[in-house]
Amino acid sequence: MRIIQSMVLLSGLMALAMLALIWFSGPVLSLMVTAVIGLLLAIVILLPTRLIFPAALVSVLVYGFFLTGWSMFFASAPPQEELILHHILFSIFVISFWLFFVSVKTAVEENNTLRQKVRELEKYQGELMMLSNSEFNNQAELFLTGMRRRREQGFLVEVMLRDSSYTQEALQEVMSSVLIDSIRSQFDLVTNNGGRSFTMFLQNTDEKGLGIVLERINENCRERVSMIEPPYELHYAEIQNYSLEATREYLQQQRTGA
């Protein structure tokens, strides 16, 4: 909000300075300053933010030297008082433009940063930053491409929560933490399917590696949930034809048959 207020104030100051330049200057000075400002705007727009202030400062100094030389060596020059006022108004305009342009670039950069943060957050769900379903699918497809090329083995694991004395929200939160702590953070994926089930994608692992992950789930769950029986059911299958959809259909048939 402060940036917007500053931009409004600076744009008003720029407009007043420009109107005053045209009003208090003769036709020659008005034409000259319009050309200088147009050239300055074109140059500044192409410059990186760090060079805008030096460019604005150089333009004020060079234009001031030009007006001084014009006044000293040409009898046709306007009165010195008019040139001094003209240069003061020009300096006000340039400084206001510099501050305005920096504010605009800052606002754009902050907006882009916030958009990027939103996009990053949309990849996750919950405070534990578990992958969203769409991001899970996207990353799994990328992993499958590499697995197919390297002819690696992998597994899809579905975790179905049972009815328990815990509330659904509390149990989901605990199981989210359990599953995230049970996988390899740089290699495996996990997502909450939006209800009482989770899906895990284990890449580049065999049945022994699968057993290690399942045992980790059991151990982590025993540490955090005080229940005799595990509050979940596990269904798993080897990746079928390097296809996420085909493996999910196989798991569905497996559960239905069970």
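A salt bridge is taken here as a side-chain nitrogen of Lys or Arg within 4 Å of a carboxyl oxygen of Asp or Glu. By this rule the count comes to five salt bridges in what is a predicted model. Three of the pairs are set out below, and the report then turns to a helix pair, a nonpolar surface patch and two loop residues.

**Salt bridges**

| Pair | Closest N to O distance |
|---|---|
| Arg 150 and Glu 152 | 2.6 Å |
| Arg 162 and Glu 233 | 3.8 Å |
| Asp 181 and Arg 224 | 2.7 Å |

In the pair formed by Arg 150 and Glu 152, the arginine is partly exposed, with a relative accessibility of 43%, whereas Glu 152 counts as buried, because its relative accessibility is 15% and the cut-off for a buried residue is under 20%.

Arg 162 and Glu 233 meet through their side chains, with a separation of 3.8 Å from N to O. Arg 162 belongs to the loop between strand E3 (155–161) and helix H6 (168–182), while Glu 233 belongs to strand E6, and so this salt bridge ties together parts that are 71 residues apart in sequence. Arg 162 is partly exposed at 33% relative accessibility, and Glu 233 is partly exposed at 36%.

Asp 181 and Arg 224 form a salt bridge whose closest N and O atoms are 2.7 Å apart. Since Asp 181 lies in helix H6 and Arg 224 in helix H7 (residues 207–224), the pair ties together parts that are 43 residues apart in sequence. Relative accessibility is 42% for Asp 181, which counts as partly exposed, and 32% for Arg 224, which also counts as partly exposed.

**Helices H2 and H3**

Two packed helices are described by the angle between their axes and the distance between the axes. For helix H2 (residues 27–46) and helix H3 (residues 52–73), the axes come within 11 Å and cross at roughly 160 degrees. That angle makes H2 roughly antiparallel to H3, because angles over 145 degrees count as roughly antiparallel. The crossing in which H2 passes H3 is right-handed.

**A nonpolar surface patch**

Leu 13, Ile 84, Ile 88 and Ile 92 together make a nonpolar patch on the surface, with an area of about 330 Å². Helix H4 (residues 80–121) gives the most to this patch, contributing three residues. Ile 84, one of the residues that make the patch, lies in helix H4 and is exposed, because its relative accessible area is 51% and the cut-off for an exposed residue is over 50%.

**Positive phi between E6 and H8**

Most residues other than glycine have a negative phi. Asn 241 has a phi near 55 degrees, which is a positive value in a residue other than glycine, and Tyr 242 likewise has a positive phi, of about 55 degrees, although it is not a glycine. Asn 241 is found in the loop between strand E6 (232–238) and helix H8 (244–257), and Tyr 242 is also placed in the loop between E6 and H8. As for their surroundings, Asn 241 is exposed, with a relative accessible area of 67%, whereas Tyr 242 is partly exposed, with a relative accessible area of 24%.

Strand E6 therefore enters this account in two ways, since Glu 233, the partner of Arg 162, lies in E6, and the loop that holds Asn 241 runs between E6 and helix H8.

Note on methods:
Residues numbered from 1 in each chain as written. Predicted model: local features only at pLDDT ≥ 70, side-chain atom pairs only at ≥ 80, totals over all residues. Heavy atoms only, no water. Patch = residues over 30% accessible without salt bridge, like charges linked within 9 Å, V, L, I, M, F, W, Y side chains within 5 Å. Areas by Shrake-Rupley, 256 points an atom, 1.4 Å probe, with all protein chains shown as cover. Helix = DSSP H or I, 4+ residues; strand = E, 2+ residues; numbered from the N terminus. Buried < 20%, exposed > 50% of the residue type's maximum accessible area, 1.4 Å probe, protein only. Axes fitted to C-alpha atoms, helices over the stretch in contact; angles between N-to-C directions. Parallel < 35°, antiparallel > 145°, perpendicular 65-115°, else oblique. Left-handed = near helix turned anticlockwise from the far one by under 90°.
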